[in-house]
Amino acid sequence: MRMSRLFLRTLRDDPSDAEVDSHRLLVRAGYIRKVAAGIYSWLPLGHRVLRRVEQIVREEMDAAGAQELLLPIIQPLELWQRTGRDKAYGPLMFKLTDRKETGFALAPTAEEVITATVAGEYGSYRDLPVNLYQFGWKYRDELRPRFGLLRSREFLMKDAYSFDADIEGLKVSYKQMYDAYHRVFERCGLSFRPVEAQAGEIGGDVNHEFMAVAAVGEDDFVWCRNCDYAANVEAAVRAAPAPTAVGDGPQPDAMAPEHTPDLPGIKGVAEFLSVEPGQMLKCIAFDVDGEMGLALVPGDREVNPYALNRALAGRKVRLWDDADFDAHPDVPKGYIGPHFPGATVRVADPVVAVYTGDGWVTGANTVDHHVRHALFGRDFEVDSFADLVTVVTGDPCPRCGAPLSVDRGIEVGHTFQLGTKYSVALGAEYTDEKGAQHPMVMGCYGIGVSRVVAAVVEEHHDDSGLTWPAALAPFAVHLLSLPGKGEAAPEVRAAADRLYDELRAAGVEVLYDDRDQSPGVKFADADLLGMPTQLVLGAKGLARGVVERKDRGSGERDEVALDAVVGVISGS
RNA sequence: CGGGGAGUGGCGCAGUGGUAGCGCACCUGCUUUGGGGGCAGGCGGUCGGGGGUUCAAAUCCCCCCUCCCCGACCA
């Protein structure tokens, strides 16, 4: 492509509304333009990158045995009502009506359509398994679109759906997708981890989010650098310390009340009483089926609500908020102790039972008072122990014991074992060998194709601009001609034209800067646009029969003989 | 939706009641040519929209819209 003809305008200044590097650079380099909040146009260079990611995903999906199809973006609302998800999504869906007032939605995802489609075609165990996928624009009216392509209202998603006869089949289909995802993100040049995620309302046993490690990511996730353990913060656990029995060692003094005026916070009390926050016992009130419960954790830790829910499986658990405290003026917020008489359920982190020699500093159940020397087994009891705390960096890995890390990540893909929720609701059933009817067992698998582009930029850029991995670059080579105005100018121009033609004839995709611009402009644009290899042909080089080559990523330069460069670049 | 901020030419910005400006980009000419050169000339803006105050509004008042940030939310 000749740059003189390319639809491109680079910006010298950063766009004022871009907060993150991927957004800033993709706009500045002329890859995308904003049309509305969270809605972008993909200009020619950006479009080529998007198509590259798409093609990588397509190849891996096909290799994994999935079949590509294309589902509609406009979907009848009636279909969503049959699964109840019109309400679950609510205002997140873009809705519209046709001239007959029939309701439609712009696809936020496609479980309903694909399940209805399969239900209409297949009905025998002989048909299964089948895995279908598409690349489709998805629409979600996010409360707050932000970070450019990272959280947009319109985005390109690869969504795949597997249909199996039973759970065992689903697990096979799931593994194929899981492995394919690894290959996709490796080929895209991302540093990523699949993390075990909290099973959401969709249900299903296994659920992975593929997180690209990035400081601007919106999700925290926990992972072990020593083994393969990785998990969403909500689902993450740590190796729990073993409780030691009461009475190991000398008993501390009896509980001693201390006056701690106007100090409802852990930090203030710890300073006031000259103890570490970790020596304090935090008692968090929650509601469980209308009863009051207490979650007991060390003062320097946070209660993980999801872990609390797991600990009380089967019961409805909700942490108290301000309204609950307002409704119970007898409960001394900020001064609750583990022995608070109003609580009927007590769940403690295992650390609470560990003998500390001096007991815990905790609330005295009276406003403005705390106590010292609260001892588990003597001064208070609990109903059960559970791993309740939110994991932090340095906690021991539950599998190998090595220190865990908590990092930010961008969710570039997810895989779900769905089960039969959609097949039951939409009648996707099959007849088995004996003539009995069963709902198909489904999985769904998404990759945010446009989000991958942004995630790759977050990982592959520098101060000067983009530094594309070869697999995603719009062009493999950026050829710059520097003819100058000297006598050699026509020769340089002709030699660059010839090189451009020869490279293309050899199958190399090349962006050719044939513009009548100063060298500085061409260099700056080449670095900004970020093709992996730059070839510079100027008068001096031509006189010596060489082209200068620069590797954009490393910045390394060398010279290649003009008559050898096509072979070197094309690898032939 | 709550809180904060901003809408002035394609991009970045200045302009607090009195003739709409600057840099970049774009066009013309000259000059320069290995890291966003210089000189000269030029095109381009109902100052987000509507209403109001005033002799006079980008500027003050009211309403609305859009965009950005923090939060809540998020398969």
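Chain A of this predicted model splits, by its domain assignment, into domain 1 (21-237 + 406-457), domain 2 (256-385) and domain 3 (477-570). Domain 1 is written as two stretches of the chain, with domain 2 falling in the numbering between them. Measure from C-alpha centre to C-alpha centre, and domain 2 and domain 3 come out 69 Å apart.

Now for a sheet. Five strands make it up, in the order β16-β14-β15-β17-β20; it is open, and its pairing is mixed. At the edges you'll find β16 (317-319) and β20 (384-385), each with a single partner strand, so one side of each has no neighbour in the sheet.

Let's start at the middle of that order, with β15 (residues 291-298). Seven of its eight residues are buried, meaning under 20% relative accessible area, so the strand is largely enclosed by the rest of the structure. On one side, β15 pairs with β14 (residues 281-288) in the antiparallel sense, over eight bridges. If you want a spot to check the register, take L281, whose bridge partner in β15 is P298. The hairpin that joins β14 and β15 has two residues between the strands, and D289 there takes a positive phi near 50°.

Cross to β17 (residues 345-348) and the sense switches to parallel: four bridges join this strand to β15. Here G293 has V345 as its bridge partner in β17. One step further, β17 pairs with β20, again in the parallel sense, over two bridges. A348 is one residue to look at in that pairing, since its bridge partner in β20 is F385.

Definitions and conventions
Residues are numbered from 1 along each chain as its sequence is written. Chains are lettered from A and ligands numbered from 1 in the order in which they are written. This is a predicted model: local features need pLDDT of at least 70, side-chain atom pairs count only at pLDDT 80 or more; totals for chains, interfaces and linings use all residues. Side-chain values use heavy atoms; hydrogens and water are left out. Domain bounds come from an automatic or database domain assignment. Buried means under 20% relative accessible area, exposed over 50%, partly exposed in between (1.4 Å probe, protein chains only). Two strands pair if DSSP finds at least two bridges between them.
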